[in-house]
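Me: Please take a close look at the part of this model where helices meet each other and where loops follow them. I am new to it, and I would like one connected account.

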Amino acid sequence: MKIFITGTSGFIGRSLKEFYSSHDVSEYQRGTDITLALQAVSPDLIINCAGEIYKSDLMYKTNIGLVEEILEWVRHNPNTRLIQIGSSAEYGPLDHPGSELDPINPVNIYEATKGAATLLCQGYAREYGLQTCVARVYSAYGIHERPHRLFPRLYRAFFANEAMTLYDGVHDFIYIDDFVRGIDTLVNSPWPSGEIVNFGSGVQYTNLEVLQLWEEVTGRTAPVNYEDRMNKSYEHSFWTCNTSYAKMQYKFQTEFSLPYGIKTFIERML
């Protein structure tokens, strides 16, 4: 199978590239013409992992514009399937586990641009009969994460005695191997038009609970200063995935508990 993956310099894209190394994998180079790149490869499957999380002035171009260019290419090459890596952040604040049936409710530009990309995928799929699927990931973690992310910082705190400040917050964590397996499940399944699938564990942890699990798994303490307040204005106190659709439709459920994921993460980092 010929697979075209964008965002391979990032965490999820690199993980998928490694997983599909036995296939004919092509990578998108940022800044090049995506249409020409796709035309040169003519892939069976596109997995769009590219996304701008931090720079608001680049979010529209990356999170919407690139997706539209990909969809336009797929519109003229309808045998190519597209998996768009979405985000649980698209739902915005919820007081219940996020379901694929919940509307998007963005409270910042990132959430809005990712949600708009999902709507584009659905609209193109339903108008032109395209095979698109949006995989909304919750808090994925594992090796290849950026150094500033929570788990790499905790690793350095516990194993390099690097001081850090940990703020309050909640997440539904999914180990990267589980998420990649979820994507592979989609690759090997048919989809209804404009499909959306959530990928999370269905269990919410506070950052303090995560710290305590690191202490239990490692048998160590670390120079972590815990602040009982959230660091960002858009963060909220409930963030959990409703996993029922993935289980029912695709027979998918996570295999890594958070303690086991932490243990595996540490073993792979050592």
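Reply: Helices (H or I, at least four residues) and strands (E, at least two) are DSSP runs, numbered from the N terminus. With that in mind, K251 has its place in the loop between α8 (244-250) and α9 (258-269), and its phi is near 55°, which is a positive value in a residue other than glycine. The model is predicted, with pLDDT of at least 70 needed for local features and 80 or more for side-chain atom pairs, while totals for chains, interfaces and linings use all residues. Residues are numbered from 1 along each chain as its sequence is written, and side-chain values use heavy atoms, with hydrogens and water left out.

K251 counts as exposed, at 69% relative accessibility (buried is under 20%, exposed over 50%, partly exposed in between, with a 1.4 Å probe and protein chains only). S42 can be set beside K251, for phi of S42 is near 50°, again a positive value in a residue other than glycine. S42 lies in the loop between α2 (34-41) and β3 (45-48), and with a relative accessible area of 36% it is partly exposed.

The helix before that loop, α2, packs against helix α3 (residues 56-75) at an angle of about 35°, and their axes are 9 Å apart (lines fitted to C-alpha atoms, for helices over the stretch in contact, with angles from 0 to 180 degrees between N-to-C directions). On the α2 side the residues that meet α3 are I34, T35, L38 and Q39, and on the α3 side they are L66, E69, I70 and W73, where contact means heavy atoms within 4.5 Å. By class, five residues in this contact of α2 with α3 are nonpolar, two are polar and one is charged (Ala, Val, Leu, Ile, Met, Phe, Trp, Tyr, Cys and Pro are nonpolar, Asp, Glu, Lys and Arg charged, the others, Gly among them, polar).

A second pair is formed by helix α1 (residues 11-19) and helix α6 (residues 176-187), whose axes come within 10 Å and cross at roughly 65°. F11, I12, S15, L16 and F19 of α1 make the contact with I176, F179, V180, I183 and D184 of α6, and these residues divide into eight nonpolar, one polar and one charged.

Helix α7 (residues 207-218) can be followed along its length and around its axis. Its 12 residues, at 1.5 Å each, should span 16 Å, and the 17 Å between its end C-alpha atoms agrees with this; the expected span is 1.5 Å times one less than the number of residues. The buried residues of α7 are N207, V210, L211, L213, W214 and T218. They lie on the same side of α7, because they cover an arc of only 160° around the axis, taken from the directions from the helix axis to the C-beta atoms. Just after α7 comes G219, which takes a positive phi of about 70°.

Two further residues show other surroundings. S139 is found in strand β6 (residues 139-141) and counts as buried, at 10% relative accessibility; not counting residues up to four places away in sequence, S139 touches H171, D172, F173, I174 and W239. R156, found in helix α5 (residues 150-160), is partly exposed, with a relative accessible area of 23%. Leaving aside neighbours within four places in sequence, R156 is in contact with P147, N161 and E162, whereas the C-alpha atoms of R156 and Q249, which are 93 residues apart along the chain, are separated by 39 Å.
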